[in-house]
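Please look through the model shown here, beginning with its chains and then turning to the way helices and domains meet within them.

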Amino acid sequence: MTVTASPAVGKETPPGATGPAPRRRTGRVRRIALPYLLLLPALLLELLVHLVPMVIGIVMSFKELTQFYIRDWGAAPWTAFDNYSLSVDFDAPIGKALLHSFFVTCAFTVLSVGLCWLLGTTAAVYMQENFRGRGFLRAVFLVPYALPVYAAVITWAFMFQRDNGLVNHVLHDQLGLTDSPSFWLIGDNSFVALLVVSVWKGWPFAFLIVMAGLQNIPKELYEAAAIDGAGLLQQLRRITLPSLRPVNQVLVLVLFLWTFNDFNTPYVLFGKSAPEAADLISIHIYQASFVTWNFGTGSAMSVLLLLFLLVVTGAYLALTSRGRRAADV
Amino acid sequence: MSRTLTATRRSPMAAPRSFVWSRRIFLTLLTGFVLLPVYVMLSSSLKPLEDVSGKFRWWPSGLTIRPYIDIWSTVPLAKYFLNSLIVAGAATVCSVVIAIFAAYGVSRYRFRGKRLFTVTVLSTQMFPGILFLLPLFLIYVNIGNSTGIALFGSRLGLILTYLTFSLPFSIWMLIGYFESVPRDLDEAAMVDGCGPLGALFRVVVPAAVPGIVAVAVYAFMTAWGEVLFASVMTNDTTRTLAIGLQGYATQNDVYWNQVMAASLVVSVPVVAGFLLLQRYLVAGLTAGAVK
């Protein structure tokens, strides 16, 4: 997300400056130390839970860390790049499965982010104008966002049950679209099931952000366009969408990162091991680490995942920012 | 905004009827999609077991509140509930307090490493959880072995972990709110004899209450809904709802009516809180992204 560095005004004349000399000195030390003290708790916790583990994770990826070394992971033998070569040896089963999982995740992410964005933007644009029930609908649309992931996804898992689920009841019993009730949570259909749940859960966030973005578009633009005879579609194409560009830049990136890293949805929907067609990368690595107790390989895969995300994010930001600058000129 | 478009609609170039109709159809379908699981959850939770083990029924053959009684004995739901409440509550309080200090530091002082701090903290948001799950697991196990402070499997470990999840976003949101509080106010407070912390708690915090509420709701929702770390870092006594709820589904018989009743019960606190405080959260969530 964009970090707006605030021009914090340094306080030139603090109240302590008029005090006697010795107090002034401690006052100055305190003034320099204070911001750091204020940040210290946050910094320490981020170090403990995110940054140090990340470094350790990178170290672990160069070790042969199986369950025998968990109590004393420092004693695990070094393996140089073995874990990496194992992960990217696409002819061997482990590498092949990882590559497959990567492609599944890419396809899933593109579709899910695209659909979330489309639904969110369409709904937000339709609701730009006030009408009766708009506030109520907005609250309804935020329900998937507010529901705890596991409660919502477990409900979907029920709906996708083969014998007693709603989906098969509607598709097979009521509409007669399928010859026999299909399996949704195993086999190829599981990809569709995962996508539906992911879109259901993810689109309200897009809706929320786009709605806020729409409020910042000056209404004079629409008035001027209407006077010039622009229709609704033209207003959408010439005013709404271009004005939303900076919002979309952030929104798509955030949706991408969330969806690509999503663990909760497949974990609750399928359990510890996802079907092959819906084997998202997070759950794949989880499985590789905790089910087979091979932390070294799991870490190598996680590092590869992080590198991939860094490259994509960097490229995305470079591309979209250049596009924005060019548009501004 | 809305007023303009209403005005345009009444003008000769009014929004065509087709627009109104397409809006009606689209929003109706979308509402159906959104509420379908909510309906299934609610109706199934009131059905007798036969209704949910056989073919799906849109309407229960008879209404019963038995599932709502049975959920507490099939799995120790009350214990999970309490665990979730303690973990999410403590994580929220700590996260909000820490975020208030950090955001005040960033918004009111100029110091070396400020940009580095904000960028680092925010970029931790982008790491895949799975990347630091394994190392964190090892760190907690090893801290436990060497110091005796049980972090792995304990509520404390989970609280520490969860509070850092909401911290980056909370700090970022609060910086925005604090910056909208005029600096003259805290300077006036300091002239009146408050220290910097006095100014923070007597002037800045009261002025930023909506932002703080938003941050608290966000932090609570994050902790209440987390699954990945809960699946690894809890044991039988510290299990939270995120994992405990799957207890109904791993039995030989899946009591779907109870699963739905339990899902509904665990959702009520967050959904109610969210809908009540929605206004604050929506404003807070979007303030940053739109900037």
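The paragraphs below go from the contact between chains to a helix pair and then to a pair of domains.

This is a predicted model, and its chains A and B meet in a contact that takes 96 residues from chain A and 96 residues from chain B. On the side of chain B that touches chain A, the element that gives the most is helix α14 of chain B (residues 256–290), with 17 residues. Sorted by class, that side of chain B has 65 nonpolar, 23 polar and eight charged residues.

Within chain A, helix α3 (residues 93–126) and helix α8 (residues 189–215) have axes that come within 7 Å and cross at roughly 45°. Because angles under 35 degrees count as roughly parallel and those from 65 to 115 as roughly perpendicular, α3(A) and α8(A) are oblique to each other; the crossing in which α3(A) passes α8(A) is right-handed. The residues that meet include A:Leu115, A:Trp117 and A:Gly120 in α3(A), and A:Gly202, A:Trp203 and A:Phe207 in α8(A). By class, this contact of α3(A) with α8(A) has 17 nonpolar and five polar residues, with no charged residues.

Chain B, in turn, is divided into domain 1 (2–66) and domain 2 (70–290), whose C-alpha centres lie 32 Å apart. Their contact takes eight residues from domain 1 of chain B and eight residues from domain 2 of chain B. On the side of domain 1 that touches domain 2, the elements of chain B that give two or more residues are α2 (17–44) and α3 (49–53), and α2(B) gives the most, with three residues. That side of domain 1 has four nonpolar, two polar and two charged residues.

Conventions: Residues are numbered from 1 along each chain as its sequence is written. Chains are lettered from A and ligands numbered from 1 in the order in which they are written. This is a predicted model: local features need pLDDT of at least 70, side-chain atom pairs count only at pLDDT 80 or more; totals for chains, interfaces and linings use all residues. Two residues are in contact if their C-beta atoms, placed from the backbone, lie within 7 Å. Helices (H or I, at least four residues) and strands (E, at least two) are DSSP runs, numbered from the N terminus. Ala, Val, Leu, Ile, Met, Phe, Trp, Tyr, Cys and Pro count as nonpolar, Asp, Glu, Lys and Arg as charged, and the others, Gly among them, as polar. Axes are lines fitted to C-alpha atoms, for helices over the stretch in contact, and angles run from 0 to 180 degrees between N-to-C directions. Angles under 35 degrees count as roughly parallel, over 145 as roughly antiparallel, 65 to 115 as roughly perpendicular and the rest as oblique. A crossing is left-handed if the near helix is turned anticlockwise from the far one by less than a right angle, and right-handed if clockwise. Domain bounds come from an automatic or database domain assignment.
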